[in-house]
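Dear colleague,

I am handing over to you the structure that follows, with its sequence. My account of what was found in it comes after.

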Amino acid sequence: AHERAWLQRTICLSQQHRDSAAVVSATRVIEHGAPGLPDGFYWRALGHLRLGALEPARLDAEAAKARSRADNVLTLAGVI
């Protein structure tokens, strides 16, 4: 029920390079329609990218880009 906490958990896992766990956590944020929805797609895309899963990374980056034009989102989409 604490979606902001789940988003922060996702960010912490990603910053620790625990990418598989970050992808799972970001998926939960996305599925529950948290207020940080674009951030969920961004962090899941980053995790997929680091794991070498380029197709899911591209799909999530495009989903994030459709919801937000933040610099980090656009940069990640360009990298992928």
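**The loop after helix 1**

His 17 counts as exposed because its relative accessible area is 55%, above the cut-off of 50%. Please bear in mind throughout that this is a predicted model. His 17 belongs to the loop that connects helix 1 and helix 2. Although His 17 is not a glycine, its phi is positive, at about 60°. For context, most residues other than glycine have a negative phi. A positive phi, near 60°, is also found at Gly 33, which follows helix 2.

**Helix 1 and helix 2**

Helix 1 has 13 residues, which at 1.5 Å a residue should span 18 Å; its end C-alpha atoms are 18 Å apart, so the two values agree. Which residues of helix 1 are buried? They are Glu 3, Leu 7, Thr 10, Ile 11, Leu 13 and Ser 14. Viewed down the helix axis, these buried residues fall within an arc of 165°, and therefore they line one face of helix 1. Arg 4 and Gln 15, on the other side of helix 1, are exposed.

Two residues of helix 1 may be set side by side. Ser 14, which is part of helix 1, has a relative accessibility of 1% and therefore counts as buried. Leaving out residues up to four places away in sequence, Ser 14 touches Asp 19, Ala 22, Trp 43, Leu 46 and Arg 50. Its C-alpha atom is separated by 17 Å from that of Val 79, although the two residues are 65 residues apart along the chain. Gln 15, also located in helix 1, is exposed, since its relative accessible area is 57%. Between the C-alpha atoms of Gln 15 and Trp 43, which are 28 residues apart along the chain, the separation is 10.0 Å.

For helix 2, the 13 residues should likewise span 18 Å at 1.5 Å a residue, and the end C-alpha atoms are 18 Å apart, which agrees. The buried residues in helix 2 are Asp 19, Ala 22, Val 23, Ser 25, Ala 26, Thr 27, Val 29 and Ile 30.

**The nonpolar core and helix 3**

The largest nonpolar core has 15 residues, and those that touch the most other members are Leu 7, Phe 41, Tyr 42, Trp 43, Leu 46 and Leu 76. Two or more residues each are given to this core by helix 1 (3-15), helix 2 (19-31), helix 3 (37-51), helix 4 (54-67) and helix 5 (71-79). Helix 3 supplies the largest share, five residues.

The structure has one aromatic pair. In it, Tyr 42 and Trp 43 meet edge-to-face, with 5.0 Å from centre to centre and 85° between the planes. Both Tyr 42 and Trp 43 are buried.

Phe 41 is in contact with Ile 30, Asp 60, Ala 63, Ala 64 and Arg 67, when its neighbours within four places in sequence are left aside. What does Arg 44 touch beyond residues up to four places away in sequence? The residues are Val 23, Ala 26, Thr 27, Ile 30 and Asp 60. Arg 44 is located in helix 3 and is buried, because its relative accessible area is 16%, under the cut-off of 20%. Ile 30 and Asp 60 thus appear among the contacts of Phe 41 and among those of Arg 44.

**Helix 5 and the loop before it**

Ser 68 sits in the loop between helix 4 and helix 5. The side chain of Ser 68 reaches the backbone nitrogen of Ala 70 at 3.2 Å. Not counting residues up to four places away in sequence, Ser 68 touches Pro 38 and Val 73.

Val 73 is also one of the buried residues of helix 5, together with Leu 76 and Ala 77. These buried residues cover an arc of only 100° around the axis, which means that they lie on the same side of helix 5. On the face turned away from that buried side, helix 5 carries the exposed residues Asp 71, Gly 78 and Val 79.

With kind regards

Methods: Residues are numbered from 1 along each chain as its sequence is written. This is a predicted model: local features need pLDDT of at least 70, side-chain atom pairs count only at pLDDT 80 or more; totals for chains, interfaces and linings use all residues. Side-chain values use heavy atoms; hydrogens and water are left out. Rings of Phe, Tyr and Trp (its six-membered ring) pair if their centres lie within 6.5 Å; planes under 30 degrees apart count as stacked, over 60 as edge-to-face and the rest as tilted. Buried means under 20% relative accessible area, exposed over 50%, partly exposed in between (1.4 Å probe, protein chains only). A nonpolar core is a set of buried Ala, Val, Leu, Ile, Met, Phe, Trp, Tyr and Cys residues joined through side-chain atoms within 4.5 Å. Helices (H or I, at least four residues) and strands (E, at least two) are DSSP runs, numbered from the N terminus. Contact means heavy atoms within 4.5 Å. A polar contact is a pair of N or O atoms within 3.5 Å; within protein, one must be able to donate a hydrogen and the other to accept it, and residues adjacent in sequence count only if both atoms are side-chain atoms. The expected span of a helix is 1.5 Å times one less than its number of residues. The arc is that of the directions from the helix axis to the C-beta atoms.
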